[in-house]
Amino acid sequence: MQRYSDCPNILRDFLAYHESIKGQSQLTVSEYYLDLRMFLRFIKLMRSDMPIHTRLDDIPIRDVDLDFIRQITTSEIFDFLSYLANDRNPDPDSPAPDYGISPAARARKLSAIKSFYKYLTVRTKQLQENPVADLEYPKLRKSLPKYLTLEQSAALLQAVSGPNEKRDYAILMLFLNCGIRRSELVGLNLTDVYEDRIRVVGKGNKERFVYFGSACRKAIDAYLPERNKQVLSDNKALFGSRDSNRISVTAVHRLVKKALLQAGLDSTQFSAHKLRHTAATMMLSGGVDVKTVQEVLGHENLNTTQIYTHIENTELKIAAEANPLSKLDFSE
């Protein structure tokens with residue numbers, strides 16, 4: 001936990017609990033840290049005599065203790081949420097600041113605060129009162145996830161080129177066939193590839209097997225001789241980078257964007273995560289039941305997977321409307 005050296009002990013204990021006991025990923029724990037650090041800095045600023053223009057980043061929180069947390073009121077938490085909605089500048093370096101962050105971003109920060117207070121009241125019983133227990137999350141606009149059509153997916157694969165062509169093609173095939181997350185792909189080792197499936201370590205360090213078809217197997221087989229010539233700093237990694245390290249999430253993001261541009265697709269609308277949406281949609285289109293798709297994607301909650309059934313239902317409705325026979329009416 002050295003990376004959280006500027007934390008007060010009470011926050012460090014919370015982060016350690018989520019990392020070691022709950023088994024959550026470093027990325028999730030880091031998000032908790034950033035969100036709660038901002039929250040505590042804001043509360044400290046509002047309670048102090050510091051100049052109103054004091055930057056949150058300049059406020060130390062090492063001295064925050066249980067008494068400080070106990071005295072935080074629901075009203076102060078409302079003030080923080082109002083600050084996020086109206087006054088928080090997500091890009092301080094922008095010449096034209098756009099104040100206020102999205103409902104989704106505010107919901108994430110409120111979720112971190114709720115988790116923190118649940119830990120203090122339910123898990124460790126250090127507090128009796130939970131000021132956020134009944135707070136509602138910001139209302140989110142529900143939108144269907146974007147995904148590539150079969151034709152767009154084919155165009156994307158056909159457009160792959162360059163010095164890392166075989167690696168990039170295998171990565172795209174895994175995204176489109178298996179619907180894995182970027183972090184899951186980055187974490188793949190050579191020993192995780194089996195004849196017809198891969199072993200994936202998902203959120204919360206949960207393992208699952210995801211099967212793939214012959215085309216994906218062929219893409220991996222074409223890449224492996226190239227990979228076996230590399231010596232990486234982490235030589236267990238399935239995918240390496242030009243600097244002989246395990247490929248990074250950022251590098252995967254870049255290679256997907258590059259392939260999208262080469263295919264003539266809008267790289268602002270699609271991403272590696274949209275390839276995951278594409279895989280899920282294609283599975284449902286092919287007749288796979290939603291429960292199986294949930295297992296493939298590694299969703300803990302079936303409701304998360306069911307959004308793809310809405311996409312499929314929309315496509316079915318469009319198909320029905322496109323049928324010329326749907327316009328004929330001889331009932332009169």
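The largest cavity has a volume of about 40 Å³, where a cavity is a set of points on a 1 Å grid over the protein atoms alone at which a 1.4 Å probe fits but cannot get out, and the volume is the space filled by probe spheres set on points joined across faces, edges and corners. Before selecting anything, note that this is a predicted model, in which local features need pLDDT of at least 70 and side-chain atom pairs count only at pLDDT 80 or more, while totals for chains, interfaces and linings use all residues. Residues are numbered from 1 along each chain as its sequence is written, and side-chain values use heavy atoms, with hydrogens and water left out.

**Stop 1: the cavity**

Searching the whole structure gives 1 cavity of 30 Å³ or more. To see its wall, select Val160, Ser161, Asp168, Leu255, Lys258, Ala259 and Gln262, which line the largest cavity; a lining residue has an atom within 4 Å of a point. Colour the selection by character and the lining divides into 3 nonpolar, 2 polar and 2 charged residues, with Ala, Val, Leu, Ile, Met, Phe, Trp, Tyr, Cys and Pro counted as nonpolar, Asp, Glu, Lys and Arg as charged, and the others, Gly among them, as polar. Helix 10 (residues 249-262) supplies the largest share of this lining, 4 residues; helices (H or I, at least four residues) and strands (E, at least two) are DSSP runs numbered from the N terminus.

**Stop 2: the nonpolar core**

Next select Leu174, Phe175, Ile180, Ile198, Phe239 and Val256, which touch the most other members among the 47 residues of the largest nonpolar core. Such a core is a set of buried Ala, Val, Leu, Ile, Met, Phe, Trp, Tyr and Cys residues joined through side-chain atoms within 4.5 Å, and buried means under 20% relative accessible area, against over 50% for exposed and in between for partly exposed (1.4 Å probe, protein chains only). Two or more residues of this core come from each of helix 6 (150-158), helix 7 (165-178), helix 8, strand 1, helix 9 (214-228), helix 10, helix 11 (272-285) and helix 12 (290-297). Which helix gives the most to this core? Helix 7 does, with 8 residues.

**Stop 3: the aromatic pairs**

Now show the aromatic rings, for which a search of the whole structure finds 11 pairs; rings of Phe, Tyr and Trp (its six-membered ring) pair if their centres lie within 6.5 Å, and planes under 30 degrees apart count as stacked, over 60 as edge-to-face and the rest as tilted. Begin with Phe14 and Tyr119, whose ring centres are 5.5 Å apart and whose planes stand at 70°, so the pair is edge-to-face. This contact links distant parts of the chain, since Phe14 belongs to helix 1 (residues 9-21) and Tyr119 to helix 5 (residues 103-123), 105 residues apart. Phe14 is buried, at a relative accessible area of 0%, and Tyr119 also counts as buried, at 8%.

Move then to Tyr194 and Phe209, an edge-to-face pair with 5.5 Å centre to centre and 70° between the planes. Tyr194 lies in the loop between helix 8 (182-186) and strand 1 (197-201), and Phe209 in strand 2 (residues 207-211), 15 residues apart. Tyr194 counts as partly exposed at 33% relative accessibility, and Phe209 as partly exposed at 43%.

Keep that pair on screen and add Arg197, which lies over the face of Tyr194 at 5.1 Å from the ring centre, and whose charged end also sits over the ring of Phe209, 5.3 Å from its centre. The criterion is that NZ of Lys or CZ of Arg is within 6 Å of the ring centre and within 35 degrees of the ring normal.

To end this stop, select Phe14, Tyr17, Tyr32, Phe116, Tyr117 and Tyr119, which ring pairs link into a cluster.

**Stop 4: the loops**

Lys125, in the loop between helix 5 and helix 6, has a positive phi of about 55° although it is not a glycine, and counts as exposed at 60% relative accessibility. Ser244, in the loop between helix 9 and helix 10, likewise has a positive phi, near 65°, and is partly exposed at 33%.

Finally, select Asn164 in the loop between helix 6 and helix 7, partly exposed with a relative accessible area of 21%; its C-alpha atom is separated by 9.2 Å from that of Ser241, 77 residues apart along the chain.

Notes. On a 1 Å grid over the protein atoms alone, a cavity is a set of points where a 1.4 Å probe fits but cannot get out, and a pocket is an open set with protein on both sides within 12 Å along at least five of seven lines; lining residues have an atom within 4 Å of a point.
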